[in-house]
Amino acid sequence: MAELQQLRVQEALDSMVKSLEKENIRKMQALMFRCSASCCEDSQASMQQVHQCIERCHAPLAQAQALVTSELEKFQDRLARCTMHCNDKAKDSIDAGSKELQVKQQLDGCVTKCVDDHMHLIPTMTKKMKEALLSMGK
């Protein structure tokens, strides 16, 4: 059961990341490469100036990638805390003498609720990231 729930979350997050990459990140990459190319075309600039210019071109994309990574880590941490709580409750039930099958069902139900609750957060998280990426890309 836990593997199925993990797969549900992974597929939803993969879909979100693909959407962000296609709709936002790719445009930022294209801008970065065009910007970097124009830095290199400045024949009056010193090597250091060209390097600094390229660094400035790369900054928005690096920020965007850091934002996506950070949001995914926060989401995964929250989900992990929720499932850890389920594991603790299951352990407490076993310690209290509950039957193994009953505890497994309780654990599966708890983990499913965690996943369901967190799946509902993905659209809001996606919208928030897309808005932030759009403002970075300007």
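Biologist: Into which classes do the residues lining the second largest pocket divide?

Modeller: The lining divides into 3 nonpolar, 1 polar and 4 charged residues. The structure is a predicted model, in which local features need pLDDT of at least 70 and side-chain atom pairs count only at pLDDT 80 or more, while totals for chains, interfaces and linings use all residues. Residues are numbered from 1 along each chain as its sequence is written, and side-chain values use heavy atoms, with hydrogens and water left out.

Biologist: What makes a residue count as nonpolar, charged or polar?

Modeller: Ala, Val, Leu, Ile, Met, Phe, Trp, Tyr, Cys and Pro count as nonpolar, Asp, Glu, Lys and Arg as charged, and the others, Gly among them, as polar. The lining consists of Glu71, Lys74, Phe75, Arg78, Leu121, Thr124, Met125 and Lys128. Two or more of these residues come from each of H2 and helix H4 (122-136), and H2 gives the most, with 4 residues. Because Glu, Lys and Arg are in the charged class, Glu71, Lys74, Arg78 and Lys128 are counted there.

Biologist: What makes a set of grid points a pocket, and what a cavity?

Modeller: On a 1 Å grid over the protein atoms alone, a cavity is a set of points where a 1.4 Å probe fits but cannot get out, whereas a pocket is an open set with protein on both sides within 12 Å along at least five of seven lines; a lining residue has an atom within 4 Å of a point. A volume is the space filled by probe spheres set on the points, which are joined across faces, edges and corners. About 160 Å³ lies in the second largest pocket.

Biologist: Which residues line the largest pocket?

Modeller: Ala2, Gln5, Gln6, Val9, Gln10, Leu13, Gln76, Leu79, Ala80, Thr83, Val111 and Val115 do so. H1, H2 and H3 each give two or more of these residues, and H1 gives the most, with 6. The classes here are 7 nonpolar, 5 polar and no charged, around about 260 Å³ of space.

Biologist: How do you know that Cys39 and Cys53 form a disulfide?

Modeller: The sulfur atoms of Cys39 and Cys53 are 1.9 Å apart; a disulfide is a pair of cysteine sulfur atoms within 2.5 Å, so the pair qualifies. The rule gives 4 disulfides.

Biologist: Why is the disulfide of Cys39 and Cys53 called left-handed?

Modeller: The S-S torsion is about -70°, so this disulfide is left-handed. Cys39 lies in helix H1 (residues 2-40) and Cys53 in helix H2 (residues 47-95), so the bond ties together parts 14 residues apart in sequence. Helices (H or I, at least four residues) and strands (E, at least two) are DSSP runs, numbered from the N terminus.

Biologist: Why does Cys82 count as partly exposed?

Modeller: Buried means under 20% relative accessible area, exposed over 50%, and partly exposed in between (1.4 Å probe, protein chains only). Cys82 has 22%, so it falls in the middle class. Its partner Cys114 is buried, at 2%. The sulfur atoms of Cys82 and Cys114 are 2.0 Å apart, and Cys82 in helix H2 is thereby tied to Cys114 in helix H3 (residues 100-119), 32 residues away in sequence.

Biologist: Are Cys86 and Cys110 buried or exposed?

Modeller: Cys86 is buried at 2%, and Cys110 is buried at 16%. The disulfide of Cys86 and Cys110 has a torsion of -80° and is left-handed. This pair connects H2 with H3 across 24 residues.

Biologist: What keeps Cys40 outside the disulfide count?

Modeller: With the bonded cysteines numbered in sequence order, the pairing is 1-4, 2-3, 5-8, 6-7. Cys40 is in no disulfide, because the nearest cysteine sulfur, that of Cys39, is 6.4 Å away, beyond the cut-off. Cys40 is exposed, at 52%.

Biologist: What makes a set of residues a nonpolar core?

Modeller: Such a core is a set of buried Ala, Val, Leu, Ile, Met, Phe, Trp, Tyr and Cys residues joined through side-chain atoms within 4.5 Å. Of the 24 residues in the largest one, Leu13, Met16, Phe75, Ile122, Met125, Met129 and Leu133 touch the most other members. H1, H2, H3 and H4 each supply at least two of its residues.

Biologist: Which residues does Phe75 touch?

Modeller: Contact means heavy atoms within 4.5 Å. Leaving out residues up to four places away in sequence, Phe75 touches Val9, Leu13, His118, Leu121, Ile122 and Met125.
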